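Trainee: I'd like to go through the labels on this one and ask where each comes from. Can we take them in turn?

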Amino acid sequence: MFTNAQRQVERTGRSGTPRDKYLQDLVTQFQNATDEESKEKIVANLANFAYDPFNYAFMRQLNVLELFLDCITEPNERLIEFGVGGICNSCVDPANASVIVQCGGIPLVIQCLSSPVRNTVTYALGALYYLCNPSTKKQILKPDVVRIIREYAAAGAVNTSFSNMANAFLEKHNDS
């Protein structure tokens, strides 16, 4: 559920942790984590906060978007899944999308289209849907990428969610 400053005060109360402090604590825990399972849980938690516009400025300030992109470069499929999930959840905001693009996120998201993990592919399709705009179209609408997305669009019988996401992408962004 989306929140605002008043609702956040009501939820945390007088002795609760303010959202920016809580997110900072999660980032610090991630940076100090030594085992993969802890990192996975923390990134999944951060990705869940990434959908709420109330958190967008905090996430930019704390470099959480960059942390999500770093996770996509890891060999751990769960970190990749949660990293691209966080990108997908947050890139609906133009300021977040700009940070993702400036940090080289588009090629990282595109490579997630070939993941063996269904959620990773779904998140990548969703992220590309929101990241594609006049300034990024050339980078996203390359023939190989469009071919992959068309294959997902045609896979309705195999995976409806891939097909729906891919068809929505093609309807909005592919002129040819």
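Mentor: Sure, and let's begin with a crossing: α5 and α6 cross in a left-handed way.

Trainee: What makes the crossing of α5 and α6 left-handed?

Mentor: The rule is that the near helix is turned anticlockwise from the far one by less than a right angle, whereas clockwise would be right-handed. The pair α5 and α6 falls on the left-handed side. Their axes come within 7 Å and cross at roughly 145°. Axes here are lines fitted to C-alpha atoms, for helices over the stretch in contact, with angles running from 0 to 180 degrees between N-to-C directions.

Trainee: What kind of model is this, and which cut-offs apply?

Mentor: It's a predicted model, where local features need pLDDT of at least 70, side-chain atom pairs count only at pLDDT 80 or more, and totals for chains, interfaces and linings use all residues. Residues are numbered from 1 along each chain as its sequence is written, and side-chain values use heavy atoms, with hydrogens and water left out.

Trainee: Which residues of α5 meet α6?

Mentor: From α5 you get Leu 65, Phe 68, Leu 69, Cys 71 and Ile 72, and they meet residues of α6 including Leu 79, Ile 80, Phe 82 and Val 84. Contact means heavy atoms within 4.5 Å. By class, this contact of α5 with α6 divides into 10 nonpolar, 3 polar and no charged residues. In that scheme Ala, Val, Leu, Ile, Met, Phe, Trp, Tyr, Cys and Pro are nonpolar, Asp, Glu, Lys and Arg are charged, and the others, Gly among them, are polar.

Trainee: Why is α5 called largely enclosed by the rest of the structure?

Mentor: Because 7 of the 9 residues of α5 (residues 64-72) are buried. Buried is under 20% relative accessible area, exposed is over 50%, and partly exposed lies in between (1.4 Å probe, protein chains only). The buried ones are Val 64, Leu 65, Leu 67, Phe 68, Leu 69, Cys 71 and Ile 72. They pack against α2, α3, α4, α6, α7 and α8. For the protein chain of 176 residues, 46% count as buried.

Trainee: What is the phi of Asn 63, and what makes it worth a remark?

Mentor: Phi of Asn 63 is near 60°, a positive value in a residue other than glycine. In general, most residues other than glycine have a negative phi. Asn 63 sits in the loop between α4 and α5, and at 43% relative accessibility it counts as partly exposed.

Trainee: Why is α6 called roughly parallel to α9?

Mentor: α6 and α9 (residues 118-131) pack at an angle of about 25°, with their axes 8 Å apart. Set that angle against the classes: under 35 degrees is roughly parallel, over 145 roughly antiparallel, 65 to 115 roughly perpendicular and the rest oblique. So α6 is roughly parallel to α9. By class, the contact of α6 with α9 has 7 nonpolar, 4 polar and 2 charged residues.

Trainee: Which residues does Tyr 123 touch?

Mentor: Tyr 123, which is in α9, touches Glu 81, Val 84, Gly 85 and Cys 88, leaving aside residues up to four places away in sequence. The C-alpha atoms of Tyr 123 and Cys 88 are separated by 5.6 Å, although their positions lie 35 residues apart along the chain. With a relative accessible area of 27%, Tyr 123 is partly exposed.

Trainee: What makes α11 and α12 oblique?

Mentor: Their axes come within 7 Å and cross at roughly 130°. That angle fits the oblique class, so α11 and α12 are oblique to each other. This crossing is left-handed too.

Trainee: Is Pro 94 buried or exposed?

Mentor: Pro 94 has a relative accessible area of 63%, so it is exposed. Its place is in α7.

Trainee: How many disulfides are there?

Mentor: The count is 0, where a disulfide is a pair of cysteine sulfur atoms within 2.5 Å. As for exposure, Cys 112 is buried at 2% relative accessible area, while Cys 103 is partly exposed at 39%.

Trainee: How many helices and strands does the protein chain have?

Mentor: It comes to 12 helices and 0 strands. Those are DSSP runs, numbered from the N terminus: helices are H or I with at least four residues, strands E with at least two.
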